[in-house]
Amino acid sequence: MVAATLQWTTDDVANWLIEASRTAHRLPPVRVQGHFNCWPTIVRTEYERMASNDPPVYRFPPTPVEVERMLVVMQWVQCLDVEQRKLVWMRAERWRWYDIGKRFGVAPRTAQRHWEVAIQTITEHISRGG
């Protein structure tokens, strides 16, 4: 496993969390199986397409290696409680400390200290071979 081969630091763990967050956003959307649309495709004119506010979203799917690394990170966060997981994931998605603090009802610096404790907990868990 990847976790056993490296000497982990808190920066390494934080970078892996950020990468896992980006990988999760690049996964294909989940669709309900068994339902389909009978309506014909609407062909829009050029002017209707130009007036549209929705730019096309081009997402390149993640590679299998990136998905595996994301799954490893998902196993790491199992050692945290639910609130710590939410905090770590919000920061991995690049939320501002002010917004994270508002979500948890604490000052931004307090939210940052809670994040540091959670990252340190993950790093210790990985170092123990967890």
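## A friendly look at aromatic rings, charges and helices

Arg-109 has a relative accessible area of 41%, so it counts as partly exposed; here buried means under 20% relative accessible area, exposed over 50%, and partly exposed in between, with a 1.4 Å probe and protein chains only. Before going further, note that this is a predicted model, in which local features need pLDDT of at least 70 and side-chain atom pairs count only at pLDDT 80 or more, while totals for chains, interfaces and linings use all residues. Residues are numbered from 1 along each chain as its sequence is written, and side-chain values use heavy atoms, with hydrogens and water left out.

**Salt bridges**

Arg-109 makes a good starting point for the charged pairs. A salt bridge is a side-chain nitrogen of Lys or Arg within 4 Å of a carboxyl oxygen of Asp or Glu, and by this rule the count comes to 5 salt bridges. The table includes some of them.

| Basic residue | Acidic residue | Closest N to O |
|---|---|---|
| Arg-109 | Glu-116 | 3.8 Å |
| Arg-26 | Glu-66 | 3.3 Å |
| Arg-96 | Asp-99 | 3.2 Å |

Arg-26 lies in helix α1 and Glu-66 in helix α3, so their salt bridge ties together parts that are 40 residues apart in sequence. Helices are DSSP runs (H or I, at least four residues), numbered from the N terminus. Arg-26 is partly exposed at 28% relative accessibility. Glu-116, the partner of Arg-109, is partly exposed at 35%, and Asp-99 is partly exposed at 26%.

**A cluster of tryptophans**

Now for the rings. Rings of Phe, Tyr and Trp (its six-membered ring) pair if their centres lie within 6.5 Å; planes under 30 degrees apart count as stacked, over 60 as edge-to-face and the rest as tilted. This rule gives 4 aromatic pairs. In one of them, the ring centres of Trp-8 and Trp-16 are 5.1 Å apart and the planes stand at 85 degrees, so the pair is edge-to-face. Trp-8 also pairs with Trp-76: the centres are 4.9 Å apart with the planes at 80 degrees, so this pair is edge-to-face too. Trp-8 lies in the segment before α1 (10–26) and Trp-76 in helix α3 (residues 64–76), so the contact ties together parts that are 68 residues apart in sequence.

Together, Trp-8, Trp-16 and Trp-76 form one aromatic cluster. Trp-8 is buried at 5% relative accessibility and Trp-16 at 10%, and Trp-76 is buried as well.

The cluster also has a charged neighbour. A charge sits over a ring if NZ of Lys or CZ of Arg is within 6 Å of the ring centre and within 35 degrees of the ring normal. The charged end of Arg-69 sits over the ring of Trp-16, 3.9 Å from its centre. Elsewhere, Arg-103 places its charged end over the ring of Phe-104, 4.6 Å from the centre.

**Helix α5 and its surroundings**

Which residues of helix α5 (residues 97–104) are buried? They are Trp-97, Ile-100 and Gly-101. Seen down the axis of α5, these residues fall within an arc of 100 degrees (taken from the directions from the helix axis to the C-beta atoms), so they line one face of the helix. They pack against α4 (82–92) and α6 (108–127), where contact means heavy atoms within 4.5 Å.

Gly-105, just after α5, takes a positive phi of about 75 degrees. In the loop between α4 and α5 lies Arg-94, which has a positive phi of about 70 degrees although it is not a glycine. Most residues other than glycine have a negative phi. At 52% relative accessibility, Arg-94 is exposed.

Methods: Helix = DSSP H or I, 4+ residues; strand = E, 2+ residues; numbered from the N terminus.
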